[in-house]
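Hi,

Here is the structure I said I would pass on. Have a look at it first, and my notes on what turned up follow underneath.

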Amino acid sequence: MVPHSRPAHVTDRARRRRAMWCSAGIVSALLLSGCGASVEEDGSGAPKKSVTNCGQTTSYPSPGKAVAYDVSAIEKMFSLGLADRMRGIVLPKTVSSVIDKSPYRDDYQKVETISDSVLSQESLVGASADWVFAGWQAGFSEERGVTPDSLAKVGINAYMQNETCYNYKSDTSDPEPIDATIQDLKDLGTIFDVQDRADALVSDLEQRRKKLAEDPRPEDQSRVFVYDSGTSEPYTAGKRTATNSVVELAGARSVTSDVDARWDTVGWESVVTADPQAIVVVDYNKQPVEDKIDYLKNESPIKDSPAVREDNIYVMDYGEAVAGPRNIEAAEKLSEYLRERGLR
């Protein structure tokens, strides 16, 4: 938790940072990116980046000490070669196993982990961060006192993951999760002056996405249940998650695609009624994936489902399941698995 009061040396440093930013004539950064981005100059001739994020437009210079929270934001930055622009990452220890399977493993080793817990304003100020990339209620939190507004007061800019903008303040945008990731990558290209890298990556992802969408699929698509965890109630992917989009791109239908949420718990009864033909199990180190599969096969309410009877249980790494540059590859791999199992 964030203390109600900070030590004197932290407070003084925050005041100096506020004064420095104000004297530079920089607009306070609350949220930034989304519908568009541009580059302009302030009175001193220094370039500023202007992006619209979650309904708010903000301008500021390119960050030099960026911090990203959790795998989704972290790997979006790594995918654009921005590790050397990062002050650090906040990677909860419950998902740290993602590093070993990530194509960005070397970047994870190069960038300091400033916290293995939740995002906190205290740790960001202590690290002298100048920009933070996280999601609403997925990093940023009013309850814990770390929000784009509170960070602006201590001279730290913030960018919100577009996937999480829905219902933030007055924002009414409702982007499809992979569209939101594409927008994040474009905005990062503008913010960090790496537009060419962003354009190349986005072009590749969009071409592969188009191919997946155009691949023939049965009219009656296979029913897939995404299982994160939980026994009394399963924790699963709602329609606002990238995982739901991955399943759709793979040519199937998530049985919880009607849940109007990101990740959430649902009743087992609805899953049993859906009679899933395949199960996607999300793998991270909070709980061994072998234990999850054992529960599904031997104790869960869906142990008699077609998915379990036919052993159609597919393991998906956490880094592929959350919004990020690996979603398209995840869809390609799941599509191939479903085809091999006669489910596509």
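**Salt bridges, strands and two odd phi values**

Glu75 is buried, with a relative accessible area of just 1%. Before I go on, please keep in mind that this is a predicted model.

So what does Glu75 pair with? Its salt-bridge partner is Arg326, and the closest N and O atoms are 2.9 Å apart. Glu75 sits in helix α2, while Arg326 is in the loop between α13 (318–321) and α14 (327–340), so this pair ties together parts that are 251 residues apart in sequence. Arg326 is buried too, at a relative accessible area of 4%. With buried meaning under 20%, Glu75 at 1% and Arg326 at 4% both make the cut.

How many salt bridges does a search of the whole structure find? The count comes to 21, and here are a couple of others I looked at.

Lys101 and Asp283 form one of them, with 2.6 Å between the closest N and O atoms. Lys101 belongs to helix α3 (residues 98–101) and Asp283 to strand β14 (residues 278–283), so here the parts being tied together are 182 residues apart in sequence. Asp283 is buried, with a relative accessible area of 12%.

Then there is Asp260 with Lys239, whose side chains meet in a salt bridge at 4.0 Å, N to O. Both ends are in loops: Asp260 in the one between β12 (252–254) and β13 (263–265), Lys239 in the one between β11 (235–237) and α9 (242–249), so this pair links parts 21 residues apart in sequence. Are these two buried or exposed? Asp260 counts as partly exposed at 48% relative accessibility, and Lys239 is partly exposed as well, at 37%. The pair also belongs to something wider, as salt bridges with shared partners join Asp174, Lys239, Arg240 and Asp260 into one network.

Back to helix α2, and the strands on either side of it. The chain goes from β4 through helix α2 (residues 70–78) to β5, making a right-handed β-α-β crossover. Strand β4 (residues 66–69) and β5 run parallel and are joined by four bridges. β5 also pairs with strand β6 (residues 113–115), again in the parallel sense, over two bridges. Ile89 is a handy residue to click on here: Ile89 in β5 is the bridge partner of Ala68, and in β6 the bridge partner of Ile89 is Thr113. Why call β5 largely enclosed by the rest of the structure? Because four of its five residues (86–90) are buried.

Last, some backbone angles. Most residues other than glycine have a negative phi, so a positive one is worth a look. Asp70 has a phi near 65°, positive even though the residue is not a glycine. Asp70 is found in helix α2 and counts as buried at 15% relative accessibility. Asp311 has a positive phi as well, of about 55°, and is not a glycine either. Asp311 lies in the loop between α12 (306–309) and β15 (313–317), and is partly exposed, with a relative accessible area of 39%.

If you only open one region, try helix α2: Asp70 with its positive phi is found there, and Glu75 in that helix ties it to the loop that holds Arg326.

Cheers

Definitions and conventions:
Residues numbered from 1 in each chain as written. Predicted model: local features only at pLDDT ≥ 70, side-chain atom pairs only at ≥ 80, totals over all residues. Heavy atoms only, no water. Buried < 20%, exposed > 50% of the residue type's maximum accessible area, 1.4 Å probe, protein only. Pairing = 2+ DSSP bridges. Right-handed = clockwise from strand over helix to strand, strands pointing away.
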